[in-house]
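Q: Please take a close look at a single part of this structure, the open sheet, and describe how its strands are arranged and what packs against them.

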Amino acid sequence: MSTLKDILYKVAIEAVKGPTDIAINKIDFDSRKIEANDVFVAIRGSISDGHDFIEKAIQKGATAVICDAFPDTINNEVTYVQVKDTNSALAFMAANYFSEPSKNLKLVGITGTNGKTTIASLLFQLFQKAGFKVGLLSTVKIVVDKVEHKATHTTPDSITINHYLKEMVDNGVEYCFMEVSSHGIHQKRTEALHFVGGIFTNLSHDHLDYHPTFAEYRDVKKTFFDNLPKSAFALTNSDDKNGQVMLQNTAARKRTYALKSYADYKAQILENQLSGLLLKINGNEVWVKLIGTFNAYNLLAIYGTAVELGMESLEVLRLLSDLESVSGRFQFIVSATNITAIVDYAHTPDALDNVLRTINDIRTTNEQLITVVGCGGNRDKTKRPIMADIATALSDKAILTSDNPRDEDPEVIISEMEKGVAPQNYKKLLAITDRKQAIKTACQLAQPNDIILIAGKGHETYQEVKGIRQHFDDMETVKEILEQLNK
């Protein structure tokens, strides 16, 4: 059993009241989960402040409290530790409690606006195909070798991360690929982890509901690379203007990938079809089952990472050609009447623009492109008009609908999106609040050979309205509707 003193190793402590050589059961930052002999860490969140729940945690059995300011009432049977930053303290304490598992496997972090899930998931797939035991911490799921767990956040809290990393180590996992969000970096969830590599994908308009400015959003991403050790690699997209910014202050080995500019890992797109891509990577040709320029970047990042981790380059190309697309990322079906329906997670302006341009590059102009898209509630409002502008500009018809409205009125969200539509594109626009009805309308409007893009939710299997999650799956819905129409 750990002692409080053991798990405080490397924590920036400012003052202590009470003994630290006490045995502790576990750590938690949720007062509702506290049990006898637990340590309660008071986190200041955006909705509530853990310092308001110190007394409740003690009543439930906490024998130690970690806080950034001592409470007015001190219980002499409890140890209080004042720290500089409770988020940072939680990160180090969780790592110590689980015996620093990130040091006992090769952990690679992927950050950027778009592509994190695809890169992490495909690296997991590639290394598994190469015969390794692999772990995955992603938006879609958490996987320990072959055992899947449900994911709730892009980057989980420090306790959850270290819990699963420890499970991976105990199960002989050698490599773990992890999505690293700007929220996760800002809230110090990754601070005490030992990474052997970091990947930067790109930076575009997102999360400006959380970060006050784009510059802060960029700089938070940069701190991930600033903190990489000298022994790690930092692989960045040099076609993105922020790519070199990420490398400015890193001690890690600097590596680049690109389609347009000079880079260590360079690719050309020779063919781009609905059936796949023919790429030339560092002089060698490879056919892959994934589609679009954005996936060429993702595959290049995967190739560079595998080579940096010591895999032989021709073996990496062989494995790349065998990779299958990730759930909800440019997944498509073709109906009996030859209507192509594509489901994609594109929920940022840049991602939507990429997906629509990819479809327009592949198609002839003889078929219609119908886009169904919405914007989530309680999230960055500034991207709403931009998303509608892109959808109407790059499609023959655009249907604006609900995404996850959460606590907002979905019709208000749609009206905010409509404000971005250029006058010449109004005739292409439809607004249908009910998402299922919007998808059904797209299917009814589609003629043989037409393409329907359903964007924004991808792999998600729910629709969140007024705090309640109801089952909703874009791919399941469009399949069902197309089959009914075929009958």
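A: Two strands are said to pair if DSSP finds at least two bridges between them. With that in mind, the sheet of this predicted model can be followed from strand to strand. It is an open sheet of six strands, and its order reads β17-β18-β22-β19-β20-β21, with mixed pairing. At its edges stand β17 (331–334) and β21 (429–431), each of which pairs on one side only. Direction ignored, neighbouring strands in this sheet are turned against each other by 15° on average.

Within this order, one pair may be examined in detail. Strand β19, residues 369–373, pairs with strand β22, residues 451–455, in the parallel sense, and four bridges join the two. In this pairing, threonine 371 is placed opposite leucine 453 of β22. In general, the strands of a sheet pair through backbone hydrogen bonds, in either a parallel or an antiparallel manner.

A helix also belongs to this picture. Helix α15, formed by residues 474–486, lies across β17, β18 (340–344) and β22. Its direction is at about 5° to that of β17. The edge strand β17 is thus one of the strands that α15 lies across, and β22, the parallel partner of β19, is another of them.

How values were computed
Residues are numbered from 1 along each chain as its sequence is written. This is a predicted model: local features need pLDDT of at least 70, side-chain atom pairs count only at pLDDT 80 or more; totals for chains, interfaces and linings use all residues. Side-chain values use heavy atoms; hydrogens and water are left out. Axes are lines fitted to C-alpha atoms, for helices over the stretch in contact, and angles run from 0 to 180 degrees between N-to-C directions. Contact means heavy atoms within 4.5 Å.
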